[in-house]
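Work through the following exercises with the sequence and coordinates open. Each task is followed by a solution in steps.

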Amino acid sequence: MTKQTPLTEQILQRKKKLEVLQEKCGYPYPNDFKPDTSIAEVRNQFEEKDSEELEKSGKKFRVAGRVMAIRIFGKAAFTVIKDATGKIQLFFQKSTLGDEKYTEFKKLLDIGDIIGVEGTLFKTRTGELTINVEIFRILVKALRPLPEKWHGLSDVEVRYRQRYVDLIVNDKVKEIFLTRNRIIKLIRNFLDERGFVEVETPMMHPIPGGARARPFITHHNALDMDLYLRIAPELYLKRLVVGGFERVYELNRNFRNEGISTQHNPEFTMIEFYQAYATFEDLMDLTEEMFTYLLKEIKGTTKITYQGSEIDLTPPWERITLREAIVKYAQIPQEKISEKEYLVSKISKETDVKLSGEESIGELQTIIFEEFVEEKLINPTFVTHFPVEVSPLARRNQKDPTVTDRFELYIYGREIANAFSELNDPADQLERFKKQLEDRERGDEEVPPEIDYDYIRALEYGLPPTAGEGIGIDRLVMLLTDQPSIREVILFPLLRRKKEEEWS
RNA sequence: GGGCCGCUAGCUCAGCUGGUAGAGCAGCAGACUCUUAAUCUGCGGGUCGCAGGUUCGAAUCCUGCGCGGCUCACCA
């Protein structure tokens with residue numbers, strides 16, 4: 001015999017037990033045990049009852065779950081099992097189960113196995129609600145040991161790569177994803193109540209558009225056609241507004257072929273919604289309402305703590321134009337706000353941004369905003385009227401055509417939402433697409449490689465005056481669950497692939 | 001892509017200025033009928049991320065590579 005690693009040794013131990021099980025009861029992966037209640041239900045109903053009441057009822061319960069702890073005392077033992085709803089303690093007694101079953105329990109059961117039990121409730125001397133097991137079956141034999149019971153699993157790489165183990169062992173991780181689910185349901189509920197229709201538009205686009213980002217490229221064999229995973233659903237959703245869906249939303253994945261960080265995952269979840277006959281100002285009100293609703297349901301308050309910082313999300317939120325913001329937070333003198341030389345010199349002196357020299361005033365103002373202002377916007381702030389050059393799909397402001405009727409919502413220095421009154425002038429839209437194409441020719445890879453003429457055609461049929469908004473769901477969940485990294489709110493974040501030979 | 005940090009038993013971690021590796025949990029054998037990190041006795045378990053180099057000798061020092069984390073850049 002060659003030496004075994006401890007892991008294979010433990011797996012072999014468990015496989016041996018599996019074989020014994022097979023001899024005793026046939027195929028060891030049965031699927032005929034039906035629990036008649038959940039652990040949470042049992043707890044809710046009987047947690048408050050005393051031993052006497054429990055004993056008197058004598059009612060039997062069938063529950064199933066994963067074994068999380070085993071404590072053996074000779075002829076009796078406690079275990080803890082966990083199902084989707086919670087944990088409960090089980091009591092195994094030789095005198096109740098009989099020699100054979102008790103030995104099976106003692107010799108074949110491991111932490112991590114999934115069992116089904118039937119028994120009556122009682123309370124231990126320390127008052128813990130416990131099932132006195134009369135019947136039990138091993139439903140699934142776990143061949144691999146769970147991480148240590150006290151420290152659990154903390155290696156982040158293993159937590160992300162083997163999220164199933166993370167979820168078994170770290171209850172708080174599961175909580176995050178349950179909260180994520182609630183947030184998503186609440187958002188749907190909020191919009192549904194206001195007459196929005198949820199739709200699903202393509203995730204494979206012949207022309208990427210709707211945002212500024214590099215796309216993933218894929219290929220359809222039968223049509224022999226390259227396709228791009230969508231970077232945003234925007235242009236399709238606005239086509240639907242043209243088609244008469246006056247209030248639509250889509251809540252799903254976008255894909256951007258860019259860097260990975262604590263704020264970025266290549267595939268991420270976004271909601272975009274569009275409301276005809278509304279303006280970006282209406283959407284600021286709507287956004288405040290939506291967040292207030294979410295906070296009330298999830299947190300019970302509009303004041304939260306994120307990574308140690310107090311954030312007050314009680315509306316109304318500050319509304320400030322981008323130009324005002326750079327005056328206020330970047331100390332740009334009011335009279336220099338559109339002075340190219342001043343802006344260029346400020347950027348070159350005080351930041352690492354490398355300028356090409358071809359930037360417009362609006363682009364320079366936007367750079368100043370990003371470099372000096374964003375990080376200071378801790379409490380929720382609507383920054384409005386972004387320059388038209390950086391807002392190719394937004395409607396021009398009618399008093400000042402150099403800016404757009406647009407806002408971005410910042411919380412804790414992060415962009416959480418982006419919204420604008422939609423550009424519905426097909427001629428202006430075509431001009432802006434052409435401008436983008438010029439940028440592309442100058443090497444800007446984040447701009448679509450060709451003009452989406454079908455979108456222009458749709459505008460020519462007439463897009464009602466509309467406002468639309470996108471909210472990054474992952475970042476919102478991070479905020480509401482106080483998580484520092486986007487990977488903590490995405491079940492399976494993208495990681496570099498590991499070589500197969502490292503499988504163990 | 002740059003910088004910094006990490007990678008030691010299945011898990012959580014020790015391991016000093018170089019002398020060929022240790023604990024707890026988990027596992028195995030045994031004792032134990034109210035524990036909840038149960039306890040007690042005994043035992044087994046390692047390609048120290050990988051590959052080179054320096055050295056009489058490397059988990060430890062050096063170089064390269066891999067994977068991960070943070071961060072900067074990039075990402076409106």
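## Exercise 1: Overall layout

Chain A has 16 helices and 18 strands, where helices (H or I, at least four residues) and strands (E, at least two) are DSSP runs numbered from the N terminus. The model is predicted: local features need pLDDT of at least 70, side-chain atom pairs count only at pLDDT 80 or more, and totals for chains, interfaces and linings use all residues. Residues are numbered from 1 along each chain as its sequence is written, chains are lettered from A and ligands numbered from 1 in the order in which they are written, and side-chain values use heavy atoms, with hydrogens and water left out.

**Task.** Set the radius of gyration of chain A against the value for a compact globule, and describe the domain division.

**Solution.**
1. The radius of gyration is taken over C-alpha atoms, and the globule rule is 2.2 Å times the number of residues to the power 0.38.
2. For 504 residues a compact globule would have a value near 23 Å, but chain A has 29 Å.
3. The C-alpha trace spans about 90 × 55 × 50 Å along its principal axes.
4. Chain A is divided into domain 1 (6-146) and domain 2 (169-330 + 373-494), with bounds from an automatic or database domain assignment.
5. The C-alpha centres of domain 1 and domain 2 lie 48 Å apart.

## Exercise 2: Burial and contacts

**Task.** Classify G470, T481 and T402 as buried, partly exposed or exposed, and list their contacts.

**Solution.**
1. Buried means under 20% relative accessible area, exposed over 50%, and partly exposed in between (1.4 Å probe, protein chains only). Contact means heavy atoms within 4.5 Å.
2. For the chain as a whole, 47% of the 504 residues of chain A count as buried. Among contacts with a separation of 6 or more, 67% join residues 24 or more positions apart.
3. G470 sits in strand β18 (residues 466-472). G470 is buried because its relative accessible area is 9%.
4. Not counting residues up to four places away in sequence, G470 touches M270, I271, E272, I416, A417 and N418. The C-alpha atoms of G470 and I416 are separated by 8.5 Å, with their positions 54 residues apart along the chain.
5. T481 belongs to helix α16 (residues 473-481). Its relative accessibility is 14%, so T481 counts as buried.
6. Leaving aside neighbours within four places in sequence, T481 is in contact with I176, T179 and V489.
7. T402 is in the loop between β15 (381-384) and β16 (406-411). T402 has a relative accessible area of 39% and is therefore partly exposed.
8. Leaving aside neighbours within four places in sequence, T402 contacts R323, P387, V388 and E389.

## Exercise 3: Backbone geometry

**Task.** Which residues other than glycine have a positive phi, and which residues does a cis peptide bond join?

**Solution.**
1. Most residues other than glycine have a negative phi, and most peptide bonds are trans.
2. Q331, which is not a glycine, has a positive phi of about 55°. Q331 lies in the loop between α11 (322-330) and α12 (340-350), and counts as exposed because its relative accessibility is 55%.
3. H385 has a positive phi near 60°. H385 is in the loop between β15 and β16, and its relative accessible area of 19% is why H385 is buried.
4. The cis bond joins P315 and P316, with omega about 0°. P316 is in the loop between β13 (309-312) and β14 (318-321).
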